[in-house]
Amino acid sequence: MPDFAIAAKRAALLPLSASLLLLACGGAGNSTERTETMNADSSQPSQADQVARITAAMALALPASAHVDYAEYIEGHDDAARLLVTMPQADWDAMKAGEPFSGIDPRAWSTDNVVHLGPDAGAWRPEEAQGVEAAQTQIAGGRQVLNVGVAPPADGKVQVYLHWFQL
Amino acid sequence: MPVLRSRYFAPNKRLQQAANGGKLMAWGEKSDGVAFMQAGLRDLGHPMPKSTRPNGSLDGIFGAETFAELKKFQGGKHLKADGIAGPKTLGALDLALLSRQGNAPKIPAKPPKPEPKMPPPPNVPVNINDLNYKIGTADPPVTRDPGAGAWNSKPKTFSAMTQMAAILTATTQGYTNAYPGPNATKHMNHYFGNSGADYTIDLEDMIKSTERAKKMLVLEFRQAQRFIQQLPVGTHKFTSKFAESSYNYKGETADWFFAIGGYSFWGKGTATITMVGAEKKYDVVFEYNFFDRYNWDGGKKVDIAGIEITDEFMGEFHRQGLAKEFDCYGKVTRRFSWVGDKHYPTNGDIVSGPGR
């Protein structure tokens, strides 16, 4: 199973803790599928682990207020993961002030860099969204890459695209 | 912005343009504006024998002598001595000329004919604080993944040799079914070739067949372009300050997903900038460079010929000396020429490389 994708649709926005609970309590999926896309409200027991796996790979701790809109983990020659979350602006500001985002040159945040976030998949459509500013940073001693994109705030919340992969 | 009022400068449109925030006057320019500026410098005590014709008129060519005398003038006025004439320098020149307001300058009757080539300015400092690019030729650093560990550090086993033979058989017999494409197969076979030699990938094919790779090439060129357009007239070597990275998604290209996955890239090249009339002409040789370490370092798995194969499994071949990890390199070159800052290579030009 070289590809394993989990997608939590934006339509079912849930707090991270609730998402994880649902993910943990969901039914089993089809393990023979090479790519799996699942809803947050009809998920597998392993989905919670997958979301946790993604944040662990990214070395990030999401705030409790974060809603998971889309999650995907890809196993391959190099692994990759994508996580789309919505959170209050203040929580993102706090997250951005910490590692690894604080090391990003402020000039690097650019709508040009939205192409770093990869192709569309489910709710993950950064190039269709308006005004997503993205930047790239390296983690794990330069052996892994973390791209981050942030949509303009709406109703005090921001949607954050997190895209990680191995080199 | 200063209003040029001296009889030297007031009538000239080019000088007025430069004094009002238009294109700066710099090394390589040939215009009647330069001739008026030379005349002003000369009459303010900066001798310009090389730029003065036998009839006493100025040649209008912004070369070494004009550059040097302009810098002296700037230094004397406590201006930034960069040899470039902008609003502050022209304003100061104009004020100085107003204070003496002597005979009208002797200038050429019409703009001088452009000369075919101008040598680059000597040691013109380029001090541009660009985020992505700098002057230089050095490649930015890239990180090599430590991979599966030391090569040939464990004894060979019959089991591993049998498994290797099975994989090679599967990947070399109809890769379109057994393994996802020619490049993935070539890279796998190079691994089992066990030389550890550097491998040059078919980067043109990766760009051609991968939408994300196209976008990365365009992104990198645009970054270089923005830097180049800040450079003065002359010939400049430029290079990325750091490598960026991207990822080949299986949905975009199964072949390159399995052949490479994540990779690093950067740009470098040479830009020759000359003046054509009042606009800069850019002749650019742009190299797009690629690096990746082909390794199996644990934690990953792929499906080869219907068999799930983990990194640990593949890395074992390396540790037993049956296969060897290697560095992948790639480079594509694009050559472009354009004039002015409004017309430049399109995304299609960058991807397809019409000037190759």
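# Exercises on a two-chain model

From the N terminus on, the elements of chain A follow the order β-α-α-β-β-α-β-β-β. The model is predicted.

**Exercise 1.** State how many helices and strands chain A has, and then how many chain B has.

*Solution.*
Step 1. Read the order of elements in chain A: β-α-α-β-β-α-β-β-β.
Step 2. Count each kind, which gives 3 helices and 6 strands for chain A.
Step 3. Chain B, treated in the same manner, has 12 helices and 9 strands.

**Exercise 2.** Describe burial, exposed area and contacts for each chain.

*Solution.*
Step 1. Chain A has 167 residues, and 57% of them are buried. Chain B has 356 residues, of which 52% are buried.
Step 2. The exposed area is about 6,500 Å² for chain A, with 54% from carbon and sulfur atoms. For chain B the exposed area is about 15,700 Å², and carbon and sulfur atoms again supply 54%.
Step 3. Take the contacts in chain A with a separation of 6 or more: 58% of them are between residues 24 or more positions apart. In chain B, among contacts between residues at least 6 apart in sequence, 71% join residues at least 24 apart.

**Exercise 3.** Describe the interface of chain B and chain A: its area, its residues and its polar links.

*Solution.*
Step 1. The size of an interface is often given as the accessible area lost when the parts come together. Here chain B and chain A bury about 3,000 Å² between them, and 51% of that is on carbon and sulfur atoms.
Step 2. Chain B gives 38 residues to the contact and chain A gives 33 residues.
Step 3. There are 3 salt bridges across the interface. One of them joins Lys215(B) to Glu127(A), with the closest N and O atoms 2.8 Å apart. This distance is within the 4 Å cut-off, so the pair counts as a salt bridge.
Step 4. The two chains also have 11 residue pairs in polar contact.
Step 5. On the side of chain B that touches chain A, the elements giving two or more residues include helix H9 (211-228), strand S5 (262-276) and strand S6 (279-294). The largest share, 6 residues, comes from H9(B).
Step 6. Sorted by type, the residues on this side of chain B are 15 nonpolar, 10 polar and 13 charged.

**Exercise 4.** Is Ile309(B) buried or exposed, and how far is its C-alpha atom from that of Ile167(B)?

*Solution.*
Step 1. Ile309(B) belongs to strand S8 (residues 307-310) of chain B.
Step 2. Ile309(B) counts as buried because its relative accessibility is 2%, and the cut-off is under 20%.
Step 3. Ile309(B) and Ile167(B) are 142 residues apart along the chain, while their C-alpha atoms are separated by 9.8 Å.

**Exercise 5.** Describe the backbone at Asp155(A), His78(B) and Pro100(A).

*Solution.*
Step 1. Most residues other than glycine have a negative phi, and most peptide bonds are trans.
Step 2. Asp155(A) has a positive phi, near 55 degrees. Asp155(A) lies in the loop between strand S5 (144-150) and strand S6 (157-166) of chain A, and counts as exposed because its relative accessibility is 79%.
Step 3. His78(B) also has a positive phi, about 60 degrees. His78(B) sits in the loop between helix H3 (64-76) and helix H4 (87-100) of chain B. With a relative accessible area of 76%, His78(B) is exposed.
Step 4. The peptide bond joining Glu99(A) and Pro100(A) is cis, with omega about 0 degrees. Pro100(A) is in the loop between helix H3 (89-96) and strand S4 (133-139) of chain A.

How values were computed. Residues numbered from 1 in each chain as written. Chains lettered and ligands numbered in written order. Predicted model: local features only at pLDDT ≥ 70, side-chain atom pairs only at ≥ 80, totals over all residues. Heavy atoms only, no water. Contact = heavy atoms within 4.5 Å. Buried area = accessible area lost by both parts, 1.4 Å probe. Salt bridge = Lys/Arg side-chain N within 4 Å of Asp/Glu carboxyl O. Polar contact = N/O pair within 3.5 Å; in protein donor to acceptor, adjacent residues only side chain to side chain. Helix = DSSP H or I, 4+ residues; strand = E, 2+ residues; numbered from the N terminus. Nonpolar A, V, L, I, M, F, W, Y, C, P; charged D, E, K, R; others polar. Buried < 20%, exposed > 50% of the residue type's maximum accessible area, 1.4 Å probe, protein only. Areas by Shrake-Rupley, 256 points an atom, 1.4 Å probe, with all protein chains shown as cover.
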